[in-house]
Amino acid sequence: MPDSAESQSIKLEIIGGKNLQVPSLRMPAGIYVSINVDSRRRWKSAISVLSFDESVVWGDTMTLSSHESPALSVEIRASYEVDRTLGNGEVIGKLQTSWNELLDHGDEPFELSFPPVLGVTPSLTLKAAVVHACDNQDSALFDSLVDCEIARETDAGHARYAEYMTTKAVSHLNDALQHFQLVLDRCPVDHPDHAAALTNLAWARLQGYIQNDLQDIDTTSLFREALALRPQGHPDHISSLFHLIFSLNSRYIKERTAVFIHESLQLCCKLLPLCPEGTYLRSMRVDGTVDYVIVECVSLPIDASDEGIHLRRVLLELLPLGQKYRPLTLDGLAQSLLTRFQQRGSIDDLEESIQLRREAVSLCPEGHSDHGEYLNNLALSLQFRFDHQGKSHDLDEVISMYEEALRLSPVGHTFRDLPLGNLGSALHTRFNKHGDVDDINRAVSLYREALSLRPPGHPRRDTTLNNLALALQERYDELHVIEDLNEAIDLYRESLLVIRLDNPERHKQLYNLGSALCSRFMLTPKDIDVEEAIRLCQESLVVLPQLHPDRHYSYFILHGAYISRYQVQHNPADLSLAMENFRLASRHPTQGFPNRLIEAYYWTVAAEQHASGCSFGKRSSTTSRREAAAAFHYARSLPVDAASCAIRSDNLRRAIELVEQGRGQQWSLASRLKSRVEDLESGHPHLARNFLELSKRVSDAAQGSATITDRPAAEVAETKYRKITTQWEAVVAEIRNLQGFSRFLLPLSYEDLQAAARNGPVIILIASQYSCNAIVVPTSGEPHHIPLSSVTLLDLENLKGRFARAIQLASRMGLTESRSDLIVLLRIVWDNIMLPIVNVLEHVLELKRGSRIWLCPTAAFTSIPLHAAHPFQMKADRSGKEPCLEDLYICSYTPTLSALIRSRQMMKKRRVPPSFVAVGQGQPSGGNGKELLAVDSELELVNKLVPATANRSTVSGEAATRAGALEALEQNTWVHLACHGKQDHKQPYDSHFVMKDAPLTLLDIMEKDIPHAEFAFLSASHTAVGDRETPDEVIHLAAGLQFSGFKSVIGTLWEVDDAVAKHVVEAFYENMVKDVEDGGFMDCTKAAWALNRATHAVKTKVPLEQRLVFIHIGV
C-alpha cells in the first residue's frame, strides 16, 4: 500500500468484461462482479445484461480505504434473476489478487484474466488509482456477507449443476436437485423468491430429462407456474417465457406430441416483440429457438381444422417479408384453407388460398429453386376456383402455370409426375368447357406418362388411375370408341383395389366407376352394370357428410343411373328417384353456381321430357348468376325454361314468380340495396341504419371492384365484397325475424306481383326452347295463359335478325318509299304473337279500347318491337283498315313487374315542385359520333312547349359535360335528353350518353338515388336495348333511369334520326300539355298516351321505322 495511508484511498473502476461464458451453459439474466474485501464484506457491481458477443459493459466504481487488507478476491458471477437475486448465482471466474497488483498498471485501463471456462478465457477491464480519502464514504458501499441457508443452498445447487453439465456425472445432478428442492421447500408460494426457486429446480430437472438421466418429469408445469408469478412487465418475465418455450420444445423433441409445439408457437409470438434485435438473448438463444419452432410447425401435416388453420396464421405472424420460411408457411396455410374449402365449401377459404399462394410465388420468382412448386400449387387453387365459379380467365391462367411448371420439370426430374398430372387435369377441364378433342387426347397422353412414373406401390398411383380413367370415359362420350370406356372401367376397378378404405378421396372412385357403368349399360343393357352403379353411388353418399361438396356428384350420377334404367325398364319408381336426385344435386348448398345451374338446366330438360311437375327452386346470387350465364350458354334460358315447365303443369302463378325471380336480377339486387325502410326506421331505427349503411357499402364495393384490372387486387376486392355481403345478409336475416318483416326483400309472390296490373293488364311473353307462351296478369283474379303455338324460339331469333336488317335498309330510304320488308315483319308479329293476346284482352277480359296495357317480354322477345304489331290489311267488310295494337290500346313496357310496382309506390311519396331541364349535346368531342344538327332546335322547341309553371333550364354546348348532365338529372323532376346514345353489348353497364368531355354511363346513373324524379325523354339512340348475352337482365339506359327514380321514361330501340325525331318530340309535348290547367303542370302518367297520340299524328312527316323507335317504360 502507498505511504500516508491515513489520507488516501484506492479507487477501482470496473469498465467491462468479455468472453463471459457460463460453465453450465444456462442462460443468465445478467452478469455482475463481486469483490470480497474480507470474510464479512463484499462490493457488488450492478447486474448487466450480456451482449451478443458475450461481453458486458459496467462503468461501476468502488472506493476502498487504505486501512483495508491488501488482499482481495475478485469474482465474476452469473445471476439468474434481474429483479431480486436468489443466492449469489453461478461462478464464471474467481481470482485472488491484491491492491498492489492492481495499482501496478498506473492510471491506464488494464485487463485482468481469469482461468479458462469452456475453452475461452474470461477477463475484466479495470482501472485502479490512488485518491484522497473521504470520511466514512465506504460504509454504504459494501454488503455484509450474511450466512443465509436459502442463499447457501442455492449457490450449492448452482455449483453442483455446473459440475454435472461439465462432467455429466449423475451424482452431481442429484445433489443439485436436492439443494434446489430444499430451497423450494423453504420458499412457499407466497415467498418473493418462489418463482426463482421453481425455475432453478425445473431447469436442472429439464437438463437431466434431455440427457436421459431422468425419467419423464413434467417440468413445463413448474415453468408455467413461475411465468404466472412473473407477468408481463416483471423484470424476469422474458426469461420465464423463454424457459417455458425451451421446455415445451424439449418435450416435443422427445415425445412428438403436437400440442407442445403448438403452445410453443403461441408463446414465441409473445416473446419476439420483447427481445430487441442484437441482444444476447435474441442472438444467442431466442432466434435459434424460434427457428426450431418455425421449422417444426411448417413440417406439421396439413390440418384443415379451425385450430390447425389458426396455428398457421400465428406462424405467419412470426415471419416478416424476407424471412426464409415465409413462402413455405404461406403455402402451408394456403393448402390448409384449400382443404377446408373442399370439406366445407366456403369460397372465402378458396379466395384466401389463392392470395397467399400468389404472394409465395412473388417471393420465389423464376430461377428460385422452389418457383415451380409454388407455381404448381397456385395453379391448383385457381383450378378449384374455376371448378367452383367457372371463370374462364382462371382456367387460362391455370394451364399457363402448369405448362411452365412442366417445363421446369424435364424428363428425369424427381417430381415430374406432379406437373404431368396437373396439366392433364387442366386440359381435361378445358375439353369439358370447349370440346376440343386435342385437349382430351393430350390429357390422356399426360396421364399415361404420369402413371408410368407411379408404378404399383406408389402412394399416388390410385389418383392417376382415376384421372386417366375419367379422361378415357369422357373421350368415349365424345368419340364413342368402346375400347376407351372398357379401359376406363378397368382402371377405376384397379384404383378401388389400390386405395385404402379410409382414404377421404375414395368416394370419387366409387361414383366415377358408377358413372362409367351407367354409360356401358346404355350401350349394352346389362342389369348388373346399372345395379352396381346405383350401389356404388349409394355407398359414396354413406361416407360423405351432408354438407360435403362432392355429394352433388353422387346425386347427379344416381340420377343418371335411375333415368337409364327407366328408359330401358319403364318403371315409374326409377323416374321418381331420378328426379329426386336431380333436385338434390341442383340445390346442394356447397356447390358452385356453374354446376348448380348446369344441373338445374338438365332438371328442366328432364321435367319437360317426362312431363314431371316442375318445382324450380332457389335462385342464385345475382353476380354469380351473371357470371354463370356468360360461361354456360344454356344457363341463360333457365328462368323461361322453368316457367315453361310450370305452364305445362298448369301452374301459371308459379310460372309468373319464376320469370320474375329469374330475370332482371341485376336490378333486383340493386333495388334491394336501395330499398326504402321507413317502416323499419319507425320501429327499429338502429337496425334500419345498420341495414342502410351496409347496403351502401355493398353497392360501393361492387362498383369499386368493377374497375380493377389487376388480378390479385381484383381477388382482394371480391373477397372484401363477399364479406360485406355476408354481413348485409346477416342483418337482413335479423330484420326478417321481426314481427311483420318476415318477407323483407324476399321475392314477391303472385299476390304481390299482381299489384303491377292495378292500372291495366301486364302481358308476360315467355320464349323458351320448349314453347313460346304469353301470360296475361289481370287487375284481379287468375292469370290467363295464351299459347303462342305459331312461333318457336328459333323463329323469334330469326325474326330479331330480320328486323335489324329491315330497319337498316329503311334508314337509307326516302320518306315516301314503301318499307315492305318492315311491314311484312310487323304483320308476322301481329298474326303470330299479338293477335292471340288481343283476342283474350277483348273477349275474355273485355278490356275497353284505349285502355293501358304493359308488355313484359323475356329472352328473344326483348329485341322485337311488340308495340308496333300491325295487320296492315283491310277489314273483311272493306269498311276500313284493321286496327293495329296501338289503335286498340296504350302500350307501355316494364322490365319486370317489381320495377312497375316500385315506380308506383314512389309516386305516392311527397312530391316536390316541378322542374324541367333540357340537356343536349350535338357536337361531341373526340370522334364520339357525328354532329347532330337538330339538337339545338329540338331543345328550343321543347322549352317553348313546356308550361312556364316549371322551373325550366337548358344545359347544352360546352356546359353539357358528364358532370353537368349528371347534376341536371339529380336536380330536376323532368328531363329531356337529346344526344348520341351508345349501347355496349359486351359491358352493358358501360352503355352511355355521349357528352362533351366524357360519357355519362349507365353505372354513373345507377349510383344516383333520385326519389323525386318523375319523367325522362331520351331522344337518343339505343336507350332501351338490352344485353345480348343476358337479355333477361334488361340492362339499358332507360331501365337505369327508371331504377334511379324516374317513374316514367321514353327510350329508343335503335338509332334515331334527329332531323325527323323532333316531329315526334313536338307532337309528344303538345299532347302532354293538353288539358293542363292554369298554374298546373304535366302528369307523367300521361306519357304513354301522349307518345301513342304523337306517333299517330306524325305519320306523314316521320317514316315508319322512326315512329316505331320510341317506346314508353314505367307508370
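This is a short walk through a predicted model, with residues to select at each stop.

**Stop one: a salt bridge between strands**

Select Glu-75 and Lys-94. Their closest N and O atoms are 3.5 Å apart, and the two form a salt bridge. Glu-75 sits in strand 5 (residues 71-79) and Lys-94 in strand 6 (residues 90-98), so this contact ties together parts that are 19 residues apart in sequence. Switch on a surface and check the two ends: Glu-75 is buried, at a relative accessible area of 4%, while Lys-94 counts as partly exposed at 47%. The bridge is one of 44 salt bridges in the model.

**Stop two: a loop joined to a helix**

Next, pick Glu-366 and Arg-407. Here the salt bridge has its closest N and O atoms 3.2 Å apart. Glu-366 is in the loop between helix 11 (347-363) and helix 12 (371-389), and Arg-407 belongs to helix 13 (residues 392-407), so the pair ties together parts that are 41 residues apart in sequence. Buried or exposed, these two? Both Glu-366 and Arg-407 are exposed.

**Stop three: one helix, then a network**

Go to helix 25 (residues 652-662), which holds both Arg-654 and Glu-657. They are 3 residues apart, about one turn of the helix, and they form a salt bridge with the closest N and O atoms 3.4 Å apart. Glu-657 is buried, because its relative accessible area of 15% falls under the 20% cut-off. Now select Arg-493, Arg-506, Glu-532, Arg-535 and Glu-539 together: salt bridges with shared partners join these residues into one network.

**Stop four: aromatic rings**

Time to colour the rings. How many aromatic pairs does the structure hold? The count is 16. Try Trp-203 with Phe-246, a tilted pair with 5.3 Å from centre to centre and 35° between the planes. Trp-203 is in helix 4 (residues 194-210) and Phe-246 in helix 6 (residues 237-255), so zoom out a little to see how the pair links distant parts of the chain, 43 residues apart. Trp-203 is buried, at 3% relative accessible area; Phe-246 counts as partly exposed, at 25%.

For a bigger selection, take Phe-916, Trp-974, Phe-1015, Phe-1017, Phe-1068, Tyr-1069 and Phe-1110. Ring pairs link these residues into a cluster.

**Stop five: a positive patch**

Keep the surface on and select Lys-881, Lys-1074, Arg-1093 and Lys-1099, which form a positive surface patch. Then centre on Lys-1074. Which elements flank the loop that holds Lys-1074? The loop runs between helix 39 (1058-1072) and helix 40 (1087-1097). Lys-1074 itself counts as partly exposed, with 44% relative accessibility.

**Stop six: two backbone oddities**

Finish with the backbone. Leu-25 is not a glycine, yet it has a positive phi of about 65°. You'll find Leu-25 in the loop between strand 1 (8-18) and strand 2 (30-36). Glu-846, also not a glycine, has a positive phi of about 55°. Look for Glu-846 in the loop between helix 32 (820-843) and strand 13 (852-857). With 63% relative accessibility, Glu-846 counts as exposed.

Technical notes
Residues numbered from 1 in each chain as written. Predicted model: local features only at pLDDT ≥ 70, side-chain atom pairs only at ≥ 80, totals over all residues. Heavy atoms only, no water. Patch = residues over 30% accessible without salt bridge, like charges linked within 9 Å, V, L, I, M, F, W, Y side chains within 5 Å. Areas by Shrake-Rupley, 256 points an atom, 1.4 Å probe, with all protein chains shown as cover. Salt bridge = Lys/Arg side-chain N within 4 Å of Asp/Glu carboxyl O. Lys, Arg positive; Asp, Glu negative; His and termini not counted. Charge placed at Lys NZ, Arg CZ, Asp CG, Glu CD. Helix = DSSP H or I, 4+ residues; strand = E, 2+ residues; numbered from the N terminus. Buried < 20%, exposed > 50% of the residue type's maximum accessible area, 1.4 Å probe, protein only. Phe/Tyr/Trp six-rings, centres within 6.5 Å; stacked < 30°, edge-to-face > 60°.
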